[in-house]
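Visitor: Pick one part of this model and take me through it up close, please. I'd like to know what surrounds it and what it pairs with.

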Amino acid sequence: MTPPDASHNRWSDLDRPPLNATALRRGLLRPDALWTSLEVVESTGSTNTDLAERARAGAAAEGTVLVAEEQTAGRGRLERSWTAPPRSGLFFSVHLEPGDIPVERWGWVPLLAGVAAATGLAKSAGVDMSLKWPNDLLVSVEGEERKTGGILGEFAGDGIVVGLGINVSLRAEELPAPTAGSLALAGAVSTDRETLLRAVLRSLEHWYGAWKAADGDAAASGLQAAYAAGCATLDRRVRAELPGGASLVGEAVAIDGDGRLVLSAEDGLQQPVSAGDIVHLRGAAGGLT
């Protein structure tokens with residue numbers, strides 16, 4: 001009997017082995033840990049959609065982690081799609097319940113996830129990472145800023161579901177857009193997805209614990225300073241494309257206590273931006289190591 005041609009099997013890429021869920025659980029699920037369960041599925045539309053549905057049904061405890069080897073309907077900010085070949089990246093969502101922390105401070109959670117992902121990946125992959133406000137992960141590929149990851153948060157049940165999509169081993173011909181990148185193309189010393197996932201989740205546990213211990217105070221927990229230190233958007237001239245079609249051009253001068261980007265307009269007035277799409281117009285990227 002002739003074996004099937006592996007070249008026709010999109011799951012057969014030997015450079016992209018499957019995740020070992022048992023090993024991940026063994027390394028991350030401890031009695032005193034934030035993470036309470038971890039599931040790896042072969043394919044789904046969106047881990048955020050799936051986990052948010054579970055949370056709304058009361059079927060997802062705090063610390064639930066859902067990972068997919070492939071997302072067929074991944075969602076980014078502003079309802080953008082997020083696609084990548086199977087096993088080429090990390091596609092996962094977590095459910096967090098900040099509890100008594102004032103809801104108005106929960107907006108820091110996706111930014112917190114950005115700091116955690118950038119610091120975790122910088123250490124485990126050996127790649128300089130930076131953050132584009134509010135929730136993009138940037139790397140440098142041949143001297144150019146490229147987006148290698150994105151973060152999406154949404155309220156669900158008694159908490160918030162945060163999804164992360166990170167391009168790990170994407171090759172140049174697989175990139176979805178000229179502005180996209182991957183850890184491999186940025187010269188990562190490791191593209192082992194289990195190592196990277198453990199690093200990001202442990203970093204997320206650290207930052208979430210510090211933020212909760214400070215009652216959600218981003219300044220007191222060190223989160224506000226850490227985000228600003230790694231934010232490539234600050235000290236640059238940017239265009240903020242605001243909801244409703246308006247836009248604002250100015251220099252990004254600060255991240256305020258509510259996680260908003262503060263722009264200094266040409267008339268000298270400072271205006272905080274809480275939502276919108278940011279376009280970098282000039283300036284060099286900052287690094288988060």
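Guide: What follows is a close look at strand E5 and its surroundings. First, the small print: this is a predicted model, so local features need pLDDT of at least 70 and side-chain atom pairs count only at pLDDT 80 or more, while totals for chains, interfaces and linings use all residues. Residues are numbered from 1 along each chain as its sequence is written, and side-chain values use heavy atoms, with hydrogens and water left out.

The chain holds 5 helices and 14 strands; these are DSSP runs numbered from the N terminus, with at least four residues for helices (H or I) and at least two for strands (E). Of its 289 residues, 52% are buried, meaning under 20% relative accessible area with a 1.4 Å probe and protein chains only (exposed is over 50%, partly exposed in between).

Now to E5, residues 89–96, where 8 of 8 residues are buried. In a regular strand, side chains alternate between the two faces of the sheet. Here both faces are covered: Gly 89, Phe 91, Ser 93 and His 95 lie on one side, with Leu 90, Phe 92, Val 94 and Leu 96 on the other.

What does E5 pair with? Strands count as paired if DSSP finds at least two bridges between them. Strand E2 (residues 64–68) joins E5 through 4 antiparallel bridges, and Phe 91 is the bridge partner of Ala 68. Strand E9 (residues 159–167) also runs antiparallel to E5, over 8 bridges, with Val 161 opposite His 95.

Phe 92 leads us into the largest nonpolar core, which has 64 residues; Phe 92 and Leu 183 have the most contacts inside it. Such a core is a set of buried Ala, Val, Leu, Ile, Met, Phe, Trp, Tyr and Cys residues joined through side-chain atoms within 4.5 Å. Helix H3 (residues 108–125) gives it the largest share, 12 residues. A separate core of 9 residues includes Val 41, Leu 51, Ala 156 and Val 161, that last one being the residue opposite His 95.

Leu 183 ties things back to E9: beyond neighbours within four places in sequence, its contacts (heavy atoms within 4.5 Å) include Ile 166 and Asn 167, along with Leu 121 and Ala 125. Ile 166 and Asn 167 fall inside the E9 range, and Leu 121 and Ala 125 inside that of H3.
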